[in-house]
Amino acid sequence: MAVPTRSQITPGTTVNIVLKEDQRSGTLTEGVVERLLTKSSNHPHGIKVRLEDGQVGRVKEIL
């Protein structure tokens, strides 16, 4: 499963992310993107975003 690129993610998109503390377990957290934090068009581990509730993580899938 390829991780989404920056162009596929916009503020308001519902996504599943992996939080820093969940990287080992791979536990996904669902939320709505508030802001994109990664400047490059893609990243091997996923684009880093801030969710509307303030959590920060890397996007693994778009819902």
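**Strand pairing and core of a four-stranded barrel**

In β4, the bridge partner of N16 is E61. The structure described here is a predicted model. N16 itself is found in strand β1, and the bridge to E61 belongs to the pairing of β1 with strand β4 (residues 56-62), which is antiparallel and extends over 5 bridges. N16 has a relative accessible area of 9% and is therefore classed as buried, the limit being 20%. Apart from neighbours within four places in sequence, the contacts of N16 are L28, T29, E30, R58, V59, K60, E61 and L63. A further relation across the sequence is that of N16 to G57: the two are 41 residues apart along the chain, while their C-alpha atoms are 9.1 Å apart in space.

Strand β1 also pairs with β2. The two strands run antiparallel and are joined by 5 bridges. Within this pairing, V15 has G31 of β2 as its bridge partner, and V18 is matched in β2 by L28. The contacts of V15, with neighbours up to four places away in sequence left aside, are T29, E30, G31, V33, L51, V59, E61, I62 and L63. Strand β1 comprises residues 14-19, and 5 of its 6 residues are buried, so the strand is largely enclosed by the rest of the structure.

T29 is located in strand β2, which covers residues 28-36. The relative accessible area of T29 is 16%; because this value is under 20%, T29 counts as buried. When neighbours within four places in sequence are set aside, T29 is in contact with V15, N16, I17, L19, D22 and Q55. The contact between T29 and V15 thus appears in the environment of V15, and T29 is likewise listed among the contacts of N16.

On the pairing of β2 with β3, the two strands are again antiparallel, with 3 bridges between them. One of the residues involved is V33, whose bridge partner in β3 is L51. Taken as a whole, 4 strands close into a barrel in the order β1-β2-β3-β4, with antiparallel pairing. From one strand to the next, the twist averages 70 degrees.

The largest nonpolar core consists of 10 residues, namely I9, V15, I17, L19, V33, L36, I47, V49, L51 and V59. Two or more residues of this core are supplied by each of β1, β2 and β3 (48-51). Strand β1 makes the largest contribution, with 3 residues. In soluble globular proteins, nonpolar side chains tend to be buried together. Both members of the bridge pair V33 and L51 are included in the core. V15, also a core residue, is in contact with V33, L51 and V59.

Outside the strands, G46 lies in the loop between β2 and β3. The relative accessibility of G46 is 0%, and G46 therefore counts as buried. Residues touched by G46, not counting those up to four places away in sequence, are V3, R58 and V59. For G46 and V59 the separation is 13 residues in sequence, against a C-alpha to C-alpha distance of 5.1 Å. V59 belongs to the nonpolar core and is also in contact with N16.

At the level of the whole chain, 0 helices and 4 strands are present, and the sequence order of elements follows the pattern β-β-β-β. The C-alpha trace spans about 25 × 25 × 20 Å along its principal axes. The radius of gyration is 10 Å, which agrees with the value near 11 Å for a compact globule of 63 residues. Of the 63 residues, 33% count as buried. Among contacts with a separation of 6 or more, 47% are between residues 24 or more positions apart. The chain exposes about 4000 Å², of which 47% is supplied by carbon and sulfur atoms.

Conventions. Residues are numbered from 1 along each chain as its sequence is written. This is a predicted model: local features need pLDDT of at least 70, side-chain atom pairs count only at pLDDT 80 or more; totals for chains, interfaces and linings use all residues. Side-chain values use heavy atoms; hydrogens and water are left out. Buried means under 20% relative accessible area, exposed over 50%, partly exposed in between (1.4 Å probe, protein chains only). Contact means heavy atoms within 4.5 Å. Two strands pair if DSSP finds at least two bridges between them. A nonpolar core is a set of buried Ala, Val, Leu, Ile, Met, Phe, Trp, Tyr and Cys residues joined through side-chain atoms within 4.5 Å. Axes are lines fitted to C-alpha atoms, for helices over the stretch in contact, and angles run from 0 to 180 degrees between N-to-C directions. The radius of gyration is taken over C-alpha atoms; the globule rule is 2.2 Å times the number of residues to the power 0.38. Accessible areas come from the Shrake-Rupley method with a 1.4 Å probe; for residues, only the protein chains shown count as cover.
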